[in-house]
Amino acid sequence: MRLKVKNKNILRMIFLILILATFSIIFCFSSQDGNKSKSVSKQVMRTIVEVNPKTNKLNETEKEDVVEKSQPVIRKLAHFTIYMLTGILIMGFLSTYDFHWKKKLTITLILGILYAISDEIHQLFTGGGRTARIFDVFIDFLGVFIGACFVLVILKLIKKIYK
């Protein structure tokens with residue numbers, strides 16, 4: 001499936017810029033030491049606890065307990081989400097070219113997993129207790145796969161609408 005747009009070069013450039021921006025964001029988050037990374041996750045979860053009607057009425061000790069117990073989930077969800085966006089952007093970029101969707105999916109998955117692996121290796125050098133985890137690579141890969149499949153489904157729907 002291929003996007004049919006009048007000026008594909010502009011669309012390709014937009015996708016490319018967005019892909020590079022996403023890679024830069026991932027790199028910046030991975031550059032944080034373990035303490036800074038945990039602090040960011042904790043602040044995100046704290047905000048969610050304060051906004052959520054089911055948890056904002058809890059006392060401070062209960063809120064802190066929810067924040068601490070929820071952090072691993074928030075961190076994994078962040079991995080999944082940013083890599084899902086990566087999959088969407090790479091597949092969107094490749095969809096401006098005219099080759100089979102299976103090849104586009106394969107290229108998207110390879111690029112996604114290579115970046116995920118490099119991201120985990122990068123974290124080994126940031127200090128503060130950061131580690132490289134194969135489980136995170138799996139979550140990242142799953143995000144890329146879901147994002148790429150999302151684009152394929154959207155393109156298929158668009159194609160049906162225009163037929």
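# Questions on a predicted helical chain

Student: How much of the chain counts as buried?
Tutor: This is a predicted model, and the chain in it has 163 residues. Buried here means under 20% relative accessible area. By that cut-off, the share of residues that count as buried is 36%.

Student: Which elements does the chain contain, and in what order do they run?
Tutor: The chain has five helices and zero strands. Read from the N terminus on, its elements therefore appear, with helices numbered from that end, in the order α-α-α-α-α.

Student: What share of the contacts between residues at least 6 apart in sequence joins residues at least 24 apart?
Tutor: A contact here needs heavy atoms within 4.5 Å, and the pairs considered lie at least 6 apart in sequence. Of these contacts, those that join residues at least 24 apart make up 71%.

Student: Is valine 144 buried or exposed?
Tutor: Valine 144 has its place in helix H5, and it touches Tyr83, Met84, Gly87, Thr108, Leu109 and Gly112, leaving aside residues up to four places away in sequence. Its relative accessibility is 0%, and since anything under 20% falls in the lowest class, valine 144 counts as buried.

Student: How far apart in space are valine 144 and leucine 111, C-alpha to C-alpha?
Tutor: Along the sequence, valine 144 and leucine 111 are 33 residues apart. In space, taken from C-alpha to C-alpha, the distance between valine 144 and leucine 111 is 9.2 Å.

Student: What is the relative accessible area of isoleucine 158?
Tutor: Isoleucine 158 is found in helix H5, which covers residues 134-162. On the surface it belongs to a nonpolar patch together with Phe150, Val153, Ile154, Leu157, Ile161 and Tyr162, and the patch has about 750 Å² of accessible area. Isoleucine 158 is partly exposed, and its relative accessible area is 37%.

Student: Why are arginine 46 and glutamate 50 separated by about one helical turn?
Tutor: The side chains of arginine 46 and glutamate 50 meet in a salt bridge, with 3.8 Å from N to O, and glutamate 50 is partly exposed at a relative accessible area of 34%. Arginine 46 and glutamate 50 are separated by about one helical turn because they are four residues apart in helix H2.

Student: Which residue forms a salt bridge with aspartate 65?
Tutor: Side chains of opposite charge can pair when their charged atoms come close. Aspartate 65 is partly exposed at 37% relative accessibility, while its partner counts as exposed at 60%. The two lie four residues apart in helix H3, which covers residues 60-94. With the closest N and O atoms 3.2 Å apart, the partner of aspartate 65 is lysine 69.

Student: How many residues apart are lysine 76 and aspartate 136?
Tutor: The side chains of lysine 76 and aspartate 136 meet in a salt bridge, at 2.6 Å from N to O. This pair links distant parts of the chain, with lysine 76 in helix H3 and aspartate 136 in helix H5, and their separation in sequence is 60 residues.

Student: Which of these two partners is buried, and which is partly exposed?
Tutor: Lysine 76 has a relative accessible area of 24%, which makes it partly exposed. The residue with a relative accessible area of 5%, the buried one, is aspartate 136.

Student: How many salt bridges does a search of the whole structure find?
Tutor: Some of the residues are joined in a network of salt bridges, namely Arg46, Glu50, Glu60 and Lys63. Over the whole structure, the number of salt bridges found is eight.

How values were computed: Residues are numbered from 1 along each chain as its sequence is written. This is a predicted model: local features need pLDDT of at least 70, side-chain atom pairs count only at pLDDT 80 or more; totals for chains, interfaces and linings use all residues. Side-chain values use heavy atoms; hydrogens and water are left out. Buried means under 20% relative accessible area, exposed over 50%, partly exposed in between (1.4 Å probe, protein chains only). Patches are made of residues with over 30% relative accessible area and no salt bridge: like charges are joined within 9 Å, nonpolar side chains (Val, Leu, Ile, Met, Phe, Trp, Tyr) within 5 Å. Accessible areas come from the Shrake-Rupley method with a 1.4 Å probe; for residues, only the protein chains shown count as cover. A salt bridge is a side-chain nitrogen of Lys or Arg within 4 Å of a carboxyl oxygen of Asp or Glu.
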